[in-house]
Structures are given as structure tokens and as C-alpha cells.
Amino acid sequence: MSENKITFLIQCHDSKGIISKVTTFFYEEGFNILSCQQFTDNIQESYFMRISLDAQDLKYSRKELIFKFAEVADALNLQWRVHFTSDKENVAVLASKTTHCLFDILEKHGEGKLQCNIPLIISNHESLKYVADQFGIPFHYLPIDSENWIAQQEKILNLMTEYQIDLIVMARFMRILSSEFISAYQEKIINIHHAFLPAFQGANPYRRAYERGVKMIGATAHYATDDLDEGPIIEQDVERVSHASTPASLAQIGSDIERKVLSKAVKYHLDHRIIVTGNRTIVFPETED
């Protein structure tokens, strides 16, 4: 797998000849196309493309590449973004008491499965400091209550600026962010919650799921928006359970699903595989590029 790539994410109204004109541009500029994925939404009449190039073929500046492609994009009325894998994103992880999602993100980062920097962990509980210490990551303890939450969000935002954060991962951070906070990081905050919400909102969801006798539980990772737990969905998974399941076993199964779903969503974001359209996402699957 090439470690030095240029990735373009493109969306537009569907029409004939788009893929030919885009790929011809890159061919004429001397690029080796590592992968080209596309999706046509016939209902919305929209077209989406993810194209990955070998960055070693870039013979001039990034600025010139962007300028040249912008001319093609303007002619085709494309919405587009470009990403360079050599630019690793800075990721802040927010967590409350539980550790399963936090540990999984940090372990996968340490193993090189998440291509990013994690310069800080923020929690409203000091009990998570040992996790940050274990991985050698600066830990910021910000106790939160109903009276200081607005002020503490300002401190968090200041930390985001100080560490030049590109992505915020809410690894079971049990606080609702303000509209102002979310607007500052649109499509850059990933949250995880139980897939069976909102049926079991509030405290003790697994106890309530047990009492209801559910036969399936799961988890959902999504971008945070002003509408609580209703942002664009990135990844989901479920597992069947039975009448023999207890609240404790449901919680254990749910925790395993949550950590897998969250880390997948974070990887998709970091690998630039997601295009948000309305309140939906187009997530291009992993390839061998």
C-alpha cells in the first residue's frame, strides 16, 4: 500500500462524461491512479467519486495542482476536496468514565492502524488519567457540572485551537455539546451511541433493553450535529442476543460493538473515505490503494 497518496473527494449532479474528464485530467498530468471509486445516486441524481493518486507523480507544487484541478472542477460544476496523506490530522479524544472506546482508539493508533496524531485526551473524570499516562499522551481534566459546562466548553475549544485539532472523537463522552461548539467543527466531531437509541434513551439503557426483551443490540457512529444523535451516520453494527442475556452481558456485548464501530468510523474519516450529502454519508469501502 502506498503511504504517500493524494485523494480527491468529488460530488456533483450526475451527468455523462464526468469520470472520463476527471481521469483524463490526471492522466495528462502524469499521475498514476491507484484507485477510482464511484457511486451514482439515481434517486437524488447525484454522482460521487473518490480518486486516489500516487503523490510521487506530483512534479509541481500542491498549489499548482489545486489551481489546475479547480479549472476542471469549475467547468464540470464539481464540489471537491483534496487530501495529502503526508499531512496527518491532529485528533483530540474526549471521554468520560468508560474506557473501552478510548483504549481501542489509542491501541489502534499505537499499532499504526489510524494514521493521525493524538496530542491530547480530555475528560470530565480524573480517573481516566492513567490511560493517558499509559500511552504517553497529555491529559486534561475538566470537571463539569450544570453550572460550569458553558465555561468548560470554552476551555475545550481553546485547547482545540492550541493543539490545532482537525478531528474530535467522542469516545463515550457523556456531555451534550453546544450549537456554537458543533458549528466550529462541522463534520469534524464523531460520536458513538447505542444503535437501539432513541428507544432506550437516558440512564441504564442495557437494563431497559433487558426489560424490553430485545433480540438485537448494536452501536452507531455518526457526525455530531445540533440534533442529538441524529447526525449523518458513518458506521453501524449489530449482534443478536437472546432471552438468556442479562443487563451485564448486554452491556459487554454492546461495549465490544461500540469500540469496533467507533474505530472504523474514525479510520474512514482519516482515510478520507466519507462524503456527507444532506444528512447521509457516502462511505467508500477500503481498497488496496
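## Reading salt bridges, a sheet and a charged patch

The structure holds 13 salt bridges. This is a predicted model: local features need pLDDT of at least 70, side-chain atom pairs count only at pLDDT 80 or more, and totals for chains, interfaces and linings use all residues. Residues are numbered from 1 along each chain as its sequence is written, and side-chain values use heavy atoms, with hydrogens and water left out.

Me: What counts as a salt bridge?
Reply: A side-chain nitrogen of Lys or Arg within 4 Å of a carboxyl oxygen of Asp or Glu. Take Lys68 and Glu29: their side chains meet at 3.3 Å, N to O. This pair links distant parts of the chain, 39 residues apart. Lys68 is in helix H2 (residues 62-76), Glu29 in the loop between helix H1 (18-28) and S2. Helices (H or I, at least four residues) and strands (E, at least two) are DSSP runs, numbered from the N terminus.

Me: How do strands of a sheet pair?
Reply: Through backbone hydrogen bonds, either parallel or antiparallel. Pairing here needs at least two DSSP bridges between two strands. One open sheet has 4 strands in the order S2-S3-S1-S4, with antiparallel pairing. S2 (33-41) and S4 (79-84) stand at the edges with a single partner strand each, so one side of each lacks a neighbour in the sheet.

Me: Over how many bridges do S2 and S3 pair?
Reply: Over 8, in the antiparallel sense; S3 covers residues 46-54. Cys36 stands opposite Ile51 in S3.

Me: Where does Asp227 lie?
Reply: In the loop between strand S10 (216-223) and strand S11 (233-240).
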